[in-house]
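Happy to go through this one with you. Here is the structure, followed by some questions about how its labels are earned.

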Amino acid sequence: MATTLKVSLKVSVWRGGKDGAFQVFEVPREASQTILDVVTHIQRALDPTLAYRFACRVGMCGSCAMMVNGVPRWTCRTHVDKVVAGDALEIGPLRNLPVIRDLVTDMREFFDKWARAKGEFRGGATREDDFARVRPDSPPRVQADAGIECIGCGVCYAACDVVTWNPDYLGPAALNRAWTLINDVRGKENLERLRAVAGDAGCHACHSHVSCTERCPKHLSPTAAIAGLKREVAKAVLHGDL
Ligand code: SF4
Ligand code: SF4
Ligand code: FES
């Protein structure tokens, strides 16, 4: 069957740091081509100085996220067909994060916020204790399962306007992580975790715009997680614990 694909794409790619500019490349069109394929073609065939980041190419590592025609996306699983406007693509570094160079952002503040939200598991058991048995259908396990598949890609963070307005805001991924851990019945330090996510830079700053949930490539709902945190913080305040 004859193909209707255009023979080439006009791709504007961000070059440089914060004060950089878009540079246009012509890239051959291929069937089943992903945005990451396009960027890789530019780097391998047209300009080896182009900086970008990826690892797994199968939607697991979370390192390949970029802005594509103004929308944050995981580029290894985004097909050109789905996002191209005529023959034009615009590819830039993730929004809401400092640009190091070209398509590479500095993710430190994104992961520092996970730490600020107490996003690491702290168990209460010792090696003397038996394995914890958590029923798959128990409500906390169901809630924890809903957020556990986060790959730390930063797409939700780039989609969130509150992060843009308030750079201190912990953001959807860190808060989703905190909610997942609060529902892990094997963990401890939940009161400290609630204290860490309460306040002006925490869950109450969320305006429930749901951009994070709409954009999350793993179909998670940070918005629902944040609503859960708001409820638990309110309960802790009513009980005089916070
Ligand atoms: S729901 Fe909250 S965290 Fe998600 S994009 Fe909106 S303001 Fe940001
Ligand atoms: S919640 Fe979704 S969009 Fe946000 S970092 Fe995790 S996987 Fe990426
Ligand atoms: S390269 Fe790993 S998620 Fe895209």
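Q: How many disulfides does a search of the whole structure find?
A: Zero, in this predicted model. A disulfide would need two cysteine sulfur atoms within 2.5 Å.

Q: Why is Cys 203 too far from the closest cysteine sulfur for a bond?
A: The closest cysteine sulfur belongs to Cys 206, and it lies 8.5 Å from the sulfur of Cys 203. The cut-off is 2.5 Å, so this pair does not count as a disulfide.

Q: What makes Cys 203 buried?
A: Buried means under 20% relative accessible area. Cys 203 has 0%, so the label fits.

Q: Why is Cys 156 called buried?
A: Its relative accessible area is 9%. That value falls under the 20% limit, so Cys 156 is buried as well.

Now to the strands.

Q: What makes strand 2 and strand 4 the edge strands?
A: Five strands form an open sheet in the order 2-1-5-3-4, with mixed pairing. Strand 2 (21-28) and strand 4 (71-74) each pair on one side only. On average, neighbouring strands here are turned by 35° against each other, direction ignored.

Q: How do you know that strand 1 and strand 5 pair?
A: Pairing takes at least two bridges. Strand 1 (residues 8-15) and strand 5 (residues 88-92) have four, so they qualify, and they do so in the parallel sense. Within strand 5, Leu 89 is the bridge partner of Val 11.

Q: Which strands does helix 1 lie across?
A: Helix 1 (residues 35-46) lies across strands 1, 2, 3 (65-68) and 5, and runs at about 95° to strand 2.

Technical notes. Residues are numbered from 1 along each chain as its sequence is written. Chains are lettered from A and ligands numbered from 1 in the order in which they are written. This is a predicted model: local features need pLDDT of at least 70, side-chain atom pairs count only at pLDDT 80 or more; totals for chains, interfaces and linings use all residues. Side-chain values use heavy atoms; hydrogens and water are left out. Helices (H or I, at least four residues) and strands (E, at least two) are DSSP runs, numbered from the N terminus. Axes are lines fitted to C-alpha atoms, for helices over the stretch in contact, and angles run from 0 to 180 degrees between N-to-C directions. Contact means heavy atoms within 4.5 Å. Buried means under 20% relative accessible area, exposed over 50%, partly exposed in between (1.4 Å probe, protein chains only).
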